[in-house]
Amino acid sequence: MAFLRLPLILRLRQTLGSSSLISLNSHNLGSVSCFSTGSGSIEFNISDEESRRRLYNRLLYRSRQRGFLELDLILGKWVEENLSSLDEAKIRSLVDVLDLENPDLWKWLSGQEQPPDAINSNTVFSSIQSEVLENLKTYAAPATRAEPGQPWVRGWDDKRGLEGGPKHGNQ
């Protein structure tokens, strides 16, 4: 869904004009629209304390409630630890990371697939990925990790049919 948002915003901008789109995003479409930073023209205000607190709470929520447990834990922890030290440019980079689709983001963060150059050049993504890969090296034996380009988890019945393996179910 995130990949569809940018073309829709660009289409709206062409139809309504860029000044109308900014006011449309901030007043009529709701607060979630302000997170779409692909066009670079949508601004969010972090000058006063209340706006900053609301933005931080939204970013924390988006990072913790993705519906993908591993990413909820990784992104939620990273955002909680680093959000207060991020400047406006890094907040935009964080929003770009949060706009990525879960399966792709997980594969790129865990090293299963090489991320595209546009994502790889994102400073927030690079910081999160280095932390994830360092944790994998520290806490997971190399034999338990998938090779790059291979699926992360194999099926539950991989040993079925092998000598001494289970005959029925996942025993």
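Here are some questions and answers on a predicted model of an all-in-one-chain fold. 

Me: How many helices and strands does the protein have?
Reply: Read along the sequence, the pattern is α-α-α-α-α-α-α-α. That fits the tally of zero strands and, for helices, eight.

Me: What share of the protein's residues is buried?
Reply: The cut-off for buried is under 20% relative accessible area. Applied to the 171 residues in the protein, it gives a buried share of 32%.

Me: Among contacts between residues at least 6 apart in sequence, what share joins residues at least 24 apart?
Reply: One pair with a long gap along the chain is Val-97 and Asn-122, 25 residues apart, and Val-97 does touch Asn-122. Across the protein, among contacts between residues at least 6 apart, the share joining residues at least 24 apart is 54%.

Me: Is Val-97 buried or exposed?
Reply: Val-97 is found in helix H5. Leaving out residues up to four places away in sequence, Val-97 touches Arg-66, Leu-105, Asn-122, Val-124, Phe-125 and Ile-128. Its relative accessibility is 1%, so Val-97 counts as buried.

Me: Which residues does Ser-93 contact, leaving aside its neighbours within four places in sequence?
Reply: Ser-93 lies in helix H5 too. With a relative accessible area of 15%, Ser-93 is buried. Its partners beyond those neighbours are Asn-122, Thr-123 and Val-124.

Me: How far apart in space are Leu-100 and Ile-119, C-alpha to C-alpha?
Reply: Leu-100 lies in the loop between helix H5 (88-98) and H6, and is buried with a relative accessible area of 17%. Not counting residues up to four places away, Leu-100 touches Arg-66, Leu-105, Trp-108 and Ile-119. Leu-100 and Ile-119 sit 19 residues apart in sequence, and their C-alpha separation is 9.4 Å.

Me: How are H6 and H8 oriented to each other?
Reply: The two pack with their axes 9 Å apart, at an angle of about 60°. Angles of 65 to 115 degrees would count as roughly perpendicular, and those under 35 as roughly parallel. About 60° fits neither range, so H6 and H8 are oblique.

Me: How do the residues of the contact of H6 with H8 divide into nonpolar, polar and charged?
Reply: On the H6 side you'll find Leu-105, Trp-108 and Leu-109, and they meet Phe-125, Ile-128, Gln-129, Val-132 and Leu-133 in H8. Sorted by type, that comes to seven nonpolar, one polar and no charged.

Me: What kind of aromatic pair do Phe-68 and Trp-106 form?
Reply: The count comes to one aromatic pair. Phe-68 and Trp-106 are 6.1 Å apart centre to centre with 45° between the planes, which makes the pair tilted.

Me: How many residues apart in sequence are the parts that this pair ties together?
Reply: Phe-68 is partly exposed at 23% relative accessibility, while Trp-106 is buried at 14%. Phe-68 lies in the loop between helix H3 (49-64) and helix H4 (69-82) and Trp-106 in helix H6, so the sequence gap between the tied parts is 38 residues.

Me: Which residue's side chain makes a polar contact with the side chain of Ser-110?
Reply: Ser-110 has its place in the loop between helix H6 (102-109) and helix H7 (117-120). At 7% relative accessibility, Ser-110 counts as buried. Its side chain has a polar contact at 3.2 Å, and the partner is the side chain of Gln-112.

Conventions. Residues numbered from 1 in each chain as written. Predicted model: local features only at pLDDT ≥ 70, side-chain atom pairs only at ≥ 80, totals over all residues. Heavy atoms only, no water. Helix = DSSP H or I, 4+ residues; strand = E, 2+ residues; numbered from the N terminus. Buried < 20%, exposed > 50% of the residue type's maximum accessible area, 1.4 Å probe, protein only. Polar contact = N/O pair within 3.5 Å; in protein donor to acceptor, adjacent residues only side chain to side chain. Phe/Tyr/Trp six-rings, centres within 6.5 Å; stacked < 30°, edge-to-face > 60°. Axes fitted to C-alpha atoms, helices over the stretch in contact; angles between N-to-C directions. Parallel < 35°, antiparallel > 145°, perpendicular 65-115°, else oblique. Contact = heavy atoms within 4.5 Å. Nonpolar A, V, L, I, M, F, W, Y, C, P; charged D, E, K, R; others polar.
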